[in-house]
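Please look through the sequence and the model together before reading on. The report below moves from the sheet to the helices and then to single residues.

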Amino acid sequence: RFAEAGIDLESPLQEDTWARIPLLTRRDIQVAGDSLVSQSVPRAHGKIHTLSTSGSTGMPVTVRGTQVTQFFWLSFTLRDQLWHGFDVTKKLAAIRHNRSGGGQYPDGVHYNGWGPATDPVLAAGPSAMLAISTPVEQQIEWLRRQNPDYLITYPSNLMALLSHCRERKITFPNLRCIETLSEVLHSDVRTTCREVWGVKVVDMYSTQEVGYIALQCPEHEHYHIQSENVLAEVLDEEGRPCRPGETGRVVLTPLHNFAMPLVRYA
């Protein structure tokens, strides 16, 4: 790919050279298969594992990662909790997809901590998870039993919960904050959450194949690119960097995945 773009890998990489590197698409990854997997992963990067996307776009992809990429994922998860002042000694509930198929209603699944990012370094409280396939009325019944301090779910599911609770005047007295993931979070969801439950919404932007891309600012509702993890570009239809205020295509280059380098991945 670099040779076809006329790029000499022995020369210093300049901004104009970088811009000539062709974008890598989901389809490219599917077609390339194992030919994108590195044959000389540094031993210090640890064991290699496989990651697969959900296929929500209609084009699921499978990539490789290492213990180093997993370490960065856990680090940004912990940063997110610390930035937003989460009291990890309290109870966390999550309503989301579970790849293992667990978390079915009425019990869900219960844990003694918040997960591998938090438990090794902080004295975390309990957590519980319910499968996203659970009907909204049963989700709310489960939440009332759990009475969590924090909730993680998808923006669309959160809006469904809020609509149901607004009509029936249902509140959760212990709830301190909602965290959303995986979908675009629209401003009306934030507004409705404040009106119905009196709590704020914190959002994150990540992908299975790249890891954390951006976290919501702890003081505002905009986002900070996690630049230790990824080089992020936003490009217009001509492939040029967008100017402030313009909308474009997100193109990512993870900085630590030496098992399967994704260079300028659209």
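How many bridges join β3 to β5, and do these strands run parallel or antiparallel? In this predicted model, β3 and β5 are joined by five bridges and run parallel.

## The sheet

The strand β3, residues 92–96, is a useful place to begin. One of its pairs with β5 is leucine 92, whose bridge partner there is serine 127. With β6, β3 also pairs in the parallel sense, over three bridges, and here alanine 94 stands opposite isoleucine 152 of β6. Four of the five residues of β3 are buried, and therefore the strand is largely enclosed by the rest of the structure.

These pairings belong to an open sheet of eight strands, in the order β4-β5-β3-β6-β7-β8-β9-β10, and the pairing in this sheet is mixed. The strands at its edges are β4 and β10 (223–225), each of which has a single partner strand, so that one side of each is left without a neighbour in the sheet. From one strand to the next, the twist averages 20°. At the β4 edge, three bridges join β4 to β5, and these two strands run antiparallel; in this pair, tyrosine 111 stands opposite serine 127 of β5.

Two helices pack on the sheet. Helix α5 touches β3, β6, β7 (177–180) and β8 (200–207), and its direction makes about 125° with that of β6. Helix α6, for its part, touches β7, β8, β9 (211–216) and β10, with a direction that makes about 145° with that of β8.

## Helices α5 and α6

Two packed helices are described by the angle between their axes and the distance between the axes. For α5 (residues 155–168) and α6 (residues 187–196), the axes come within 10 Å and cross at roughly 35°, and the crossing is left-handed. On the α5 side the contact is made by Pro155, Leu158, Met159, Leu162, Cys165 and Arg166, which meet Asp188, Val189, Thr192, Cys193, Glu195 and Val196 in α6. Sorted by character, the residues of this contact are eight nonpolar, one polar and three charged.

## Helix α4

Which residues of α4 are buried? In this helix, which spans residues 136–146, they are Gln139, Ile140, Trp142, Leu143 and Gln146. They lie on the same side of α4 because they cover an arc of only 160° around the axis. An α-helix has 3.6 residues a turn, so residues three or four places apart point the same way. On the other side of α4, Glu137 and Arg144 are exposed. The cover over the buried residues of α4 includes the strands β3, β4 (109–111), β5 (127–131) and β6 (150–153), together with helix α5.

## Backbone exceptions

Most residues other than glycine have a negative phi, and most peptide bonds are trans. Some places in this chain depart from that pattern, and the table lists three positive phi values.

| Residue | Phi |
|---|---|
| Asparagine 147 | about 50° |
| Lysine 169 | about 55° |
| Arginine 264 | about 55° |

Asparagine 147 comes just after α4, while lysine 169 is placed in the loop between α5 and β7 and arginine 264 is found in the segment after β12 (249–254). Is lysine 169 buried or exposed? Its relative accessibility is 73%, and it therefore counts as exposed, whereas arginine 264, with a relative accessible area of 3%, is buried, the limit for that class being under 20%. A cis peptide bond leads from tyrosine 105 to proline 106, with omega near 15°, and proline 106 has its place in the loop between β3 and β4.

## Two threonines

Threonine 62 is found in strand β2 (residues 62–66) and is partly exposed, with a relative accessible area of 37%. Leaving aside neighbours within four places in sequence, threonine 62 is in contact with Ile29, Thr50, Leu51, Ser52 and Met260. Its C-alpha atom is separated by 7.7 Å from that of glutamine 30, although the two residues are 32 residues apart along the chain.

Threonine 191, which lies in helix α6, also counts as partly exposed, at 33% relative accessibility. Between the C-alpha atoms of threonine 191 and tryptophan 18 the separation is 41 Å, and along the chain these two are 173 residues apart.

Notes: Residues numbered from 1 in each chain as written. Predicted model: local features only at pLDDT ≥ 70, side-chain atom pairs only at ≥ 80, totals over all residues. Heavy atoms only, no water. Axes fitted to C-alpha atoms, helices over the stretch in contact; angles between N-to-C directions. Left-handed = near helix turned anticlockwise from the far one by under 90°. Contact = heavy atoms within 4.5 Å. Nonpolar A, V, L, I, M, F, W, Y, C, P; charged D, E, K, R; others polar. Buried < 20%, exposed > 50% of the residue type's maximum accessible area, 1.4 Å probe, protein only. Arc of directions from axis to C-beta. Pairing = 2+ DSSP bridges.
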